[in-house]
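Welcome to my notebook. I sat down with a structure that was new to me and wrote down what I looked up, step by step.

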Amino acid sequence: MGDPVQWRNTDTSGHFRPQASQLATAGLLVSYLQVSPQEQGFSFFHSPQSAYTRRGDPIPHLQSVTQAETPPPELIHKLRNTTDPVLCCALSYCILFFLNFCCFTSFLFKTLTLRYPSTYTYTHTTFTMAPTVLHLRSETKPLEHRSALTPTTTAALIKAGYVVNVERSPERIFDDSEFEAVGATLVPEGSWEEVPKEHIIVGLKELEEKEFPLKHVHVQFAHCYKHQAGWENVLARFPRGGGTLLDLEFLVDERGRRVAAFGFHAGFAGAALALEVWAHQLTHPPSSPFPGVASYPNEDALITNVKKALATGTAAAGRSPRVIVIGALGRCGSGAVDALRKAGVPEENILKWDMAETAKGGPFKEITDSDIFVNCIYLTSKIPNFVNLDSLQVPDRKLSVVCDVSADTTSPFTPVPIYTVATTFDKPTVPVEGLSSGPALSVISIDHLPSLLPREASEAFSRKFPPPSLTPHG
Ligand SMILES: NC(=O)c1ccc[n+]([C@@H]2O[C@H](COP(=O)([O-])OP(=O)(O)OC[C@H]3O[C@@H](n4cnc5c(N)ncnc54)[C@H](O)[C@@H]3O)[C@@H](O)[C@H]2O)c1
């Protein structure tokens, strides 16, 4: 309330004469006094200081009020008689002051809310909402170099008001220092288990198989909802711990399309590998299988390698390869076409097929007439085969490499039923057995192709994450 001496004035006789200018901050208090001084017992005069003038002289009547707690009747009478005219003026002043004050605080509130969105100001008191804390965990899946958040998106999230804690990771394609440089706090590997339950744990691939209950909100690909091995155990940990799973696979836009996906770089990496395998076949004996591959530091390094391979293959074949991409309008398909163009395959040698071209039903001669087939479709039901063992048994077959980016390897609906195993980075190809004519045929069926380009794949994925609905102000 402030020291009442600041707004009281007395004459030498001790008469109480508040001046309008001095009533500014206490107008309502004065009204209160006017209405029922006796009932209220002048309790707001309790401070001994309040019984002195600004010069320090004691005020006799008020002094006694201070001491006696209850004012004598003559003082009440005197107060009523001396303050009435002044109070009218004071009240008007106070109303004006109050209106001004409201305008000012409203202006202040708006300004601060716009400038500091997570800060809300109300009159004299400022309340700051605790920012949302995202905790990027270190991936535990072997050879997983991708990251759900990148330094670029981390910087954007921090700017948007998040706090981002990043677990140190020896495997991640981005150095820990890149996250630190944009304002993230580095925390120990595996520390997510112990952080407060309000922190949101962000990851890419599934958690390690363990038993303890999960208490946090986890954002990741859980690989549970297609009944993958162990799915019941993984999901059961959430209700036991009170946690929540936000599976990125089911994050869709208003048209139902997945928001967070790695398709483009899967197709890109698949097509690039297919060109390398084609060149390898032409420059090595059939007994020499295509060697293992490892992640590239960036797209340029991969394309440089592929261009070199393509040059040697083209020289050996005396022509550029002809490549057919099916599902070319989708994410994987457009990535595949992009890689073929960047590697230098002539545009007229790239057949871009989608629903319209396959509507007539396979198997398709255009596939066996091509050197490379890149399958990028999103399979939802049984469809006629694009290719099968019979369609391959033709003397004029050129086809020598299939990259099944869709990787529906074990699905009974696969339109590419010519192989049965998923390949890996260590052993990227598997031969198609039982062919009696034409060249040897190799299939690439790696189901984590984007890991070949972890940097670009992470950047492209992470740009979509988190969606506006998960942002604090979105
Ligand atoms: N191997 C990997 O590492 C990897 C990585 C990511 C995605 N994928 C898989 O790749 C597949 C495609 O994913 P996406 O994100 O590109 O899907 P998408 O929906 O973006 O594209 C699929 C495309 O296939 C086309 N298509 C569907 N049926 C077709 C048919 N019968 N004939 C011709 N075209 C057809 C669609 O019209 C669409 O253009 C999915 O099965 C996905 O799981 C594999």
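These entries go from the whole chain to the ligand, then to helix packing and a few single residues.

**Entry 1: the whole chain**

I began by noting that this is a predicted model. I then looked up the secondary structure and found 14 helices and 14 strands. Of the 474 residues in the chain, 35% are buried. I also checked how far along the sequence the contacts reach. Among contacts between residues at least 6 apart in sequence, 71% join residues at least 24 apart.

**Entry 2: around the ligand**

Which residues come nearest to the ligand? I found 26 residues around the ligand, and the nearest of them are Gly263, Ala266, Gly327, Gly330 and Cys332. Two or more residues of this shell come from each of helix 8 (263-283), helix 10 (331-343) and helix 11 (355-358). Helix 10 gives the largest share, with 3 residues. I sorted the shell by class as well, and it has 16 nonpolar, 7 polar and 3 charged residues.

**Entry 3: helix 8 against helix 10**

Helix 8 and helix 10 both turned up at the ligand, and I looked next at how they meet. Their axes come within 6 Å and cross at roughly 45°. That angle makes helix 8 oblique to helix 10. The crossing is right-handed. On the helix 8 side, the contact includes Gly263, Phe264, His265 and Ala266. On the helix 10 side, I noted Arg331, Cys332, Gly333 and Ser334 among the residues that take part. Counted by class, the residues of this contact are 11 nonpolar, 7 polar and 2 charged.

**Entry 4: helix 8 against helix 9**

Is the crossing of helix 8 and helix 9 left-handed or right-handed? I found it to be left-handed. Helix 9 covers residues 299-317, and its axis lies 8 Å from that of helix 8, at an angle of about 35°. Helix 8 brings Ala272, Leu275, Glu276, Trp278, Ala279, Leu282 and Thr283 to this contact. From helix 9 I listed Leu302, Val306, Ala309 and Leu310, among others. The classes here are 11 nonpolar, 3 polar and 1 charged. I also saw that Ala272 and Leu275 appear in the contact with helix 10 and in the contact with helix 9.

**Entry 5: three single residues**

I picked Gln281 in helix 8 to start. Gln281 has 24 C-beta neighbours inside 10 Å, so it counts as buried. Leaving aside its neighbours within four places in sequence, Gln281 is in contact with Ser400 and Ala440. Val401 is 120 residues away from Gln281 in sequence, yet their C-alpha atoms are 9.2 Å apart.

Next came Lys308, which sits in helix 9. Lys308 counts as partly exposed because it has 13 C-beta neighbours inside 10 Å. From Lys308 to Ala343 I read 9.0 Å between C-alpha atoms, with their places 35 residues apart in sequence. Ala343 was familiar, as it belongs to the helix 10 side of the contact in Entry 3.

Last, I turned to Phe212, in the loop between strand 6 (200-202) and strand 7 (217-220). Why does Phe212 count as exposed? It has 9 C-beta neighbours inside 10 Å, and a residue with 12 or fewer counts as exposed. Phe238 is 26 residues from Phe212 along the chain, and their C-alpha atoms are separated by 9.5 Å.

How values were computed. Residues are numbered from 1 along each chain as its sequence is written. This is a predicted model: local features need pLDDT of at least 70, side-chain atom pairs count only at pLDDT 80 or more; totals for chains, interfaces and linings use all residues. A residue is near a molecule or strand if its C-beta atom, placed from the backbone, lies within 6 Å of it. Helices (H or I, at least four residues) and strands (E, at least two) are DSSP runs, numbered from the N terminus. Ala, Val, Leu, Ile, Met, Phe, Trp, Tyr, Cys and Pro count as nonpolar, Asp, Glu, Lys and Arg as charged, and the others, Gly among them, as polar. A residue is buried if 20 or more other C-beta atoms lie within 10 Å of its own, exposed if 12 or fewer, and partly exposed in between; C-beta atoms are placed from the backbone. Two residues are in contact if their C-beta atoms, placed from the backbone, lie within 7 Å. Axes are lines fitted to C-alpha atoms, for helices over the stretch in contact, and angles run from 0 to 180 degrees between N-to-C directions. Angles under 35 degrees count as roughly parallel, over 145 as roughly antiparallel, 65 to 115 as roughly perpendicular and the rest as oblique. A crossing is left-handed if the near helix is turned anticlockwise from the far one by less than a right angle, and right-handed if clockwise.
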